[in-house]
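I opened my notebook for a fresh look at this one, with a few things to check. Here is what I looked up, entry by entry.

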Amino acid sequence: MVEDTHGAAVAGASVVIKGSSRGTLTDNAGHYALEGVEDGDLLEISFLGMLPQTVKVGAGRTSVDVVLSEDMIGLEDVVVTGYTTMKRKDITGSVSSISADRIERIPAYNITTALTGIAGIRMDGGSIRIRGTRSRNASNDPLIVLDGIPYDETLASINPGDIESIDVLKDASSTAIYGARGANGVILITTKQARQGKTTVTYDGFVGAGVNNWGSLDVMDADEYIAFQREASRAAGTWHSEADDAKAFFGIELANMGKVDNDWMGKYFNKKRLWTSHSLTISAATDKSAYKIAFNYKNEDSRYKNAGHDHFYLTADLSHKVLPFLKVGLSSRAYYIVKNDKPDMFNQFLHMSPLTQTRNEDGSYNVYPFGDPFVKNPYMNESDDVYKDKTEEWKLFLRFFAQIDLAKGLTFNTNFAYSPAFSSRGYYYDNRSVSYTDERNVAFMHNNRKADWVWNNVLSYKRQFDRHNIDLTAVYEMQNRQTVNASMSGKDQESPAYLWYNMGRLTDSKSLSSGFVRSQMVSVVGRVQYSYDDRYIVTASFREDGASQLSPGHKWAFFPSGAIAWRISEEPFLKDVEWISNLKLRASYGMTGNYSIAAYATAGTLHGKYANFNGGELHRPGLEPETRPTPDLEWERNKMLDIGLDFGFLKGRIHGTIDYYDSKSYDLLYLKVLPYTSGFNRAWTNIGDTRNRGWEVSLSTVPVETKDFHLGVNLSYYRNKEELIRLQDPKMKEETWPRSTDRNPARSRSPTWTATARSTATTARSSARHAPTGSAACRSMRSGRTSTFRSTYTASSARWPTTAAARANGRTSSGAGTPTRSTTGHPKNPPTDIHARSKDSRSNTSTPRATTRTAT
């Protein structure tokens, strides 16, 4: 019989004869029966979350009872670390894990809720950042791996109730085996599998209500609002007594004074949101076969009527041992979501007057609370006839796998995953909706279809020779991603009942677009881990990736890493110290890469434009260069050092980790803005360095532990210093333009350099091939007419066009009829770098690029 320290039976514990494949599991009462056991055999008894035991069978002994102790540290827990698994005690890198128990204790719609509080992870809005932001323009999202396969969908598409464990790889030693995909950290998700025994039917559900916490938000009531408006008007000199109220309030507000005190914000925020989740799972397993079927439904209500999300999950897993050395299986996950969205009306509610009514006397909405047609009731968008935005997504994840035991300790695994996905979005609104006043209604629809597949082949060899343990892994992996999309939009739908389902009936502003994108990647991976006497551990890995997004000749990159660990607690001088349960010092160093830019980005792009002739009467379409081809774009690279200490005291009732890391990224993938005279607007380059360094501390304690009560306290501390070290091209030579001779110190601190070029018809013809192909300027040059083009570069950290009109349209005033353009930058750099510096001035918009060409 197998029991825990409290005398409770341990069901499902594994009992195996060491050195053989013979074994069994305990039943619900903790009993087990195992035939063929001989004197002197060693029985290995283990159970997830408990410390394993090895018991020698004595002569004539027919019954072996075992008491398993809880493994509070989880040293014997199996952790997924990239294409293979290992025990936590053997890990040399920085890995944080979340068990199914923790996920279940936090009823949430999204797995990201369970990641909150892990040292090293920061939730940045809807994004996840592991140890800071590294890249400027490339992706900073971590890689998600689902059951050993890279998963390019969101975490929201995975049922939280179907997760067995989550392992987060943070240092370069752990992530380097994923090469370019692991540059921003890796989140490994392992789903639940059927346990051997009788058929099990499980239901799990919860109902919750969303109650808003107002916090410090305190809006004015009617009396406060009246006093505020009067004081504001008095300060402006327009109000002196109540007789002047007509100058400070709308007519409706005057009529409602003393009669109406409407709390618009309160009515909105006090609406309760109902959340529900229901899961049903059926599973069973035998020595040869296992299956699991799970269904989950959950909904998210909104404060707005006719808004909310409905999620549907269906999971089916099947595996079968065909031959003693061959196991095959199929895993499928289907996800469907319906989203009905409404625009956020927070600002509109915030500016509504408490002296206005939400509804009319007949119960209908008061469309214009102020009597002003430009200020509408924020609740108008609740009606689907006024505003409707619906999105549907279908996602399917199919994984076929086979495991072949080639020899003792030598295993071959092949996994093929196919992930088709389809999404469709449509929206419609008219002039009754908030913030839209055009008489023509608007309809839009977008369809997106994805088809991704991944195929990896893993050869692993694990053997123990006396005190020596060897773990070898070799991987070959191929990935393909393909997306096709199409969009349609327009105005003035003939009948509002059509919504977006009859786009052919649009009568104005029709627009069509479509796209096709495909990217591919091939990888070769190798890793070796050696440990001696469970005390000294060394790990080395390499990965070579080839990514289609990068330039020819630069598609391949090599990413090595190494790590060492010393389990001090296993040394003879500490092994007898009972209050020390675990003490391990580890260090790692490695390189990863990033290639996450759009497919075909290095080939350059064209931009469609219309050119106007004859005073705007004629419109001719054309194409002009947008992004310059980049034949030498290389990988963005990252190097990281990590030093950590794992500790555990008092039989694991106090345990945790301390990590210091220093991560440096260089050759950043940066989309640089170019001067107009180059003929292009932007170009991808490898420019810049970033650095992230900091500390991570996690501490877990168990102050109280009894048979019926468990109290745990977890603390975490995370500090990251994120730096942009450099954002310029180191190959750029010093500026050779004439330096300022201005003797005025005040002006010399912010010198302005201007380069002006004028061209006549003769020059224009020779340079026409450099002009944008579809532009009016190009057409007039080729026709032999005299054209004038003037380009002005103003290099000043704080100098902009001086006139109000110029400031409004981004031009420098330089005389009537003379079109100009202006950019800002640093005076020490030539024009090729001016736009890049202006782009990096912590603004989300580029330098004004308005231009005008005239043909005479």
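**Strand pairing.** Before I started, I reminded myself that two strands pair if DSSP finds at least two bridges between them. I also noted that this is a predicted model.

I began with strand E22, residues 410–429, and counted 20 bridges from E22 to E23. These two strands run antiparallel. I picked out one position to look at: Tyr-429 stands opposite Val-442 in E23.

Next I followed E23 on to E24, where I found 22 bridges, again with the strands antiparallel. Here Asn-456 has Glu-477 in E24 as its bridge partner. I then looked at how the chain gets from one strand to the other: E23 and E24 make a hairpin with two residues between them. I made a note of Asp-466 in that turn, since its phi is positive, about 55°.

**The end of E21.** I stopped at Ala-407, which belongs to strand E21, residues 387–407. Is Ala-407 buried or exposed, or something in between? Its relative accessibility is 44%, so I put it down as partly exposed, that class running from 20% to 50%. I also checked Ala-407 against Tyr-461: they are 54 residues apart in sequence, and their C-alpha atoms are 9.1 Å apart in space.

**The second largest pocket.** I read off a volume of about 1000 Å³ for this pocket. Its lining has 41 residues, and nearest the centre I found Ser-139, Asp-141, Pro-142, Asp-152 and Arg-481. Which strands supply at least two residues each to this lining? I listed E11, E12, E23 (442–465), E24 (468–493) and E25 (506–532). Sorting the lining by class, I got 18 nonpolar, 16 polar and seven charged residues.

**Cavities.** I found seven cavities of 30 Å³ or more in the structure. The largest cavity holds about 150 Å³ of space. It has 18 lining residues, with Tyr-151, Ser-157, Arg-333, Tyr-335 and Phe-397 nearest its centre. I traced the lining back to its strands: E19 (308–323), E20 (326–341), E21 and E22 each give at least two residues. By class I have 10 nonpolar, four polar and four charged residues there.

**Nonpolar cores.** The largest nonpolar core has 23 residues, and I marked Leu-115, Leu-155, Ile-158, Ile-166 and Ile-189 as the members that touch the most others. Helix H2 (112–115) and strands E11 (127–130), E12 (143–146), E14 (163–169) and E15 (186–191) each supply at least two residues of this core. Among these, E14 gives the most, with three residues.

I took a closer look at Leu-115. Leaving out residues up to four places away in sequence, Leu-115 touches Ile-98, Ile-121, Ile-128, Leu-155, Ile-166, Val-168 and Ile-187. Apart from this core I noted another, of 15 residues, including Ala-547, Leu-550, Met-591 and Tyr-595.

**A loop residue.** My last stop was Thr-602, in the loop between strands E28 (580–594) and E29 (605–613). Why did I write it down as buried? The relative accessibility of Thr-602 is 11%, and the cut-off is under 20%, so it counts as buried. Again leaving out residues up to four places away in sequence, I listed what Thr-602 touches: Gln-549, Leu-550, Ser-551, Ile-597, Pro-629, Thr-630 and Leu-633.

Key. Residues are numbered from 1 along each chain as its sequence is written. This is a predicted model: local features need pLDDT of at least 70, side-chain atom pairs count only at pLDDT 80 or more; totals for chains, interfaces and linings use all residues. Side-chain values use heavy atoms; hydrogens and water are left out. A nonpolar core is a set of buried Ala, Val, Leu, Ile, Met, Phe, Trp, Tyr and Cys residues joined through side-chain atoms within 4.5 Å. Buried means under 20% relative accessible area, exposed over 50%, partly exposed in between (1.4 Å probe, protein chains only). Helices (H or I, at least four residues) and strands (E, at least two) are DSSP runs, numbered from the N terminus. Contact means heavy atoms within 4.5 Å. On a 1 Å grid over the protein atoms alone, a cavity is a set of points where a 1.4 Å probe fits but cannot get out, and a pocket is an open set with protein on both sides within 12 Å along at least five of seven lines; lining residues have an atom within 4 Å of a point. Grid points are joined across faces, edges and corners, and a volume is the space filled by probe spheres set on the points. Ala, Val, Leu, Ile, Met, Phe, Trp, Tyr, Cys and Pro count as nonpolar, Asp, Glu, Lys and Arg as charged, and the others, Gly among them, as polar.
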